[in-house]
Amino acid sequence: MQRFTNPLFCALDTGDLAQAIHLADSLKDVVGGFKLGLEFFCAHGPHGVEEIARRDIPLFIDLKFHDIPNTVAGAVRSVMRLNPAILTVHAAGGADMMRAAADTAADEASRLGIKVPWIVGVTVLTSLDAGDLDVLGIEGSTHKVVARLARLAEKSGLDGVVCAPHEISTTRSVAGRHLKLVVPGIRPRGSDSDDQKRVMTPKEAIENGATVIIVGRPITRASDPVGAARSIVNSISDL
Ligand SMILES: O=c1ccn([C@@H]2O[C@H](COP(=O)(O)O)[C@@H](O)[C@H]2O)c(=O)[nH]1
């Protein structure tokens with residue numbers, strides 16, 4: 001099972017590989033890991049992931065798989081060659097799909113002789129609020145929907161969920177203590193929310209019980225990314 005001493009993962013959301021490598025080299029001794037998502041993967045593919053992996057730091061490969069069980073199992077099997085520490089699927093893909101992802105990751109890890117990654121289910125994206133759920137025809141508050149999906153993810157064998165800082169307490173109250181809470185929507189005080197609608201500071205998220213916090217733009221777009229990352233680490237270091 002994966003363990004991280006530093007809960008801060010920096011999202012390297014860029015289509016520019018040289019910029020991602022520069023950020024990775026500057027930040028590797030400050031953050032606990034890097035998150036490589038859709039923008040990075042669509043631009044640079046597995047080769048780009050291998051470039052970042054040379055720094056020997058945990059990688060969260062955030063491709064948010066959402067398809068039928070057989071297709072998701074195949075995608076997990078393929079991405080396991082990159083030795084991810086964390087992988088994502090959409091919890092809304094259903095119990096069978098989540099079970100297929102978890103089982104395939106365990107089988108592949110054993111076959112390849114690597115650690116089993118955390119498979120975490122995305123609940124309600126942090127860019128959505130109650131009004132957006134209403135428009136989508138999803139009944140209930142973000143708390144209710146996140147709680148429902150978190151319970152399903154746990155029952156389906158996932159290691160954790162992705163949720164906003166606001167739903168950490170609700171999720172903890174309905175799920176086992178071991179469930180990992182991977183939390184984006186993190187904004188240091190005074191920073192722009194950008195397209196995120198459910199945000200909290202790093203300190204609030206960790207105090208509420210986040211296992212891992214994900215921070216992208218407040219670090220990568222700062223005039224001093226290393227200083228921005230250090231300031232986040234300092235704000236949570238004695239919690
Ligand atoms: O609900 C979700 C799920 C994933 N993300 C990802 O986290 C980072 C956040 O980046 P910021 O620049 O700090 O906003 C980004 O890669 C998203 O794809 C999320 O924000 N919310």
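1. Is strand 4 (residues 86-90) largely enclosed by the rest of the structure or largely open, and why? The model discussed here is predicted. In this model, five of the five residues of strand 4 are buried, so strand 4 is largely enclosed by the rest of the structure. A residue counts as buried if 20 or more other C-beta atoms lie within 10 Å of its own.

2. The residues of strand 4 can be sorted by direction. I86, T88 and H90 point one way, while L87 and V89 point the other way, and all are buried. This fits a general pattern: in a regular strand the side chains alternate between the two faces of the sheet.

3. Strand 4 belongs to a barrel. Eight strands close into this barrel in the order 1-2-3-4-5-6-7-8, with parallel pairing. From one strand to the next, the twist averages 25°. As a general matter, strands of a sheet pair through backbone hydrogen bonds, either parallel or antiparallel.

4. Strand 3 (residues 59-65) has strand 2 (residues 33-36) as a partner, and the two run parallel, joined by three bridges. Two of the residue pairs can be named: F34 has L59 of strand 3 as its bridge partner, and K35 has F60 of strand 3.

5. Strand 3 is also joined to strand 4 by three bridges, again in parallel. Here F60 has I86 of strand 4 as its bridge partner. F60 therefore takes part in pairing with K35 and with I86. As for burial, five of the seven residues of strand 3 are buried, so strand 3 is largely enclosed by the rest of the structure.

6. Which residues carry the UniProt annotation "active site"? The record, an unreviewed entry, places this annotation on D62, K64 and D67. Annotations of this kind may be inferred rather than shown by experiment. Of the annotated residues, D62 lies in strand 3, and K64 lies in strand 3 as well.

7. Is D62 buried or exposed? D62 is buried, because 24 other C-beta atoms lie within 10 Å. Setting aside residues up to four places away in sequence, D62 touches K35, L36, G37 and T88. Of these contacts, K35 is the bridge partner of F60, and T88 is one of the buried residues of strand 4.

8. K64 is described in other terms. K64 counts as partly exposed because it has 16 C-beta neighbours inside 10 Å. Its contacts, leaving aside neighbours within four places in sequence, are T88, V89, H90 and V122. T88 thus appears in the contacts of D62 and in those of K64.

9. Helix 3 (residues 69-79) and helix 4 (residues 95-112) form one helix pair. Their axes come within 8 Å and cross at roughly 30°. Angles under 35 degrees count as roughly parallel, and helix 3 and helix 4 are therefore roughly parallel to each other. The crossing is right-handed. Helix 3 contributes P69, V72, A73, V76 and R77 to the contact, and helix 4 contributes D96, M97, A100, A101, T104, A105 and E108.

10. Another helix pair is formed by helix 1 (residues 17-27) and helix 10 (residues 225-236). These helices pack at an angle of about 45°, with their axes 10 Å apart, and are therefore oblique to each other. Helix 1 passes helix 10 in a right-handed crossing. The contact is made by L23, S26 and L27 on helix 1 and by P225, V226 and A229 on helix 10.

11. Helix 10 also holds N234. N234 counts as exposed because it has 10 C-beta neighbours inside 10 Å. Its C-alpha atom is separated from that of G93 by 37 Å, and the two residues are 141 residues apart along the chain.

12. K115 sits in the loop between helix 4 and strand 5 (118-122). K115 counts as partly exposed, because it has 14 C-beta neighbours inside 10 Å. Not counting residues up to four places away in sequence, K115 touches Q2 and A109. K115 and A147 are 32 residues apart in sequence and 28 Å apart in space, C-alpha to C-alpha.

13. The unreviewed UniProt entry also carries the annotation "domain: Orotidine 5'-phosphate decarboxylase", which covers residues 7-232. This span is 45% helix and 16% strand, and its end C-alpha atoms lie 11 Å apart.

Technical notes: Residues are numbered from 1 along each chain as its sequence is written. This is a predicted model: local features need pLDDT of at least 70, side-chain atom pairs count only at pLDDT 80 or more; totals for chains, interfaces and linings use all residues. Two strands pair if DSSP finds at least two bridges between them. Helices (H or I, at least four residues) and strands (E, at least two) are DSSP runs, numbered from the N terminus. Axes are lines fitted to C-alpha atoms, for helices over the stretch in contact, and angles run from 0 to 180 degrees between N-to-C directions. A residue is buried if 20 or more other C-beta atoms lie within 10 Å of its own, exposed if 12 or fewer, and partly exposed in between; C-beta atoms are placed from the backbone. Two residues are in contact if their C-beta atoms, placed from the backbone, lie within 7 Å. Angles under 35 degrees count as roughly parallel, over 145 as roughly antiparallel, 65 to 115 as roughly perpendicular and the rest as oblique. A crossing is left-handed if the near helix is turned anticlockwise from the far one by less than a right angle, and right-handed if clockwise.
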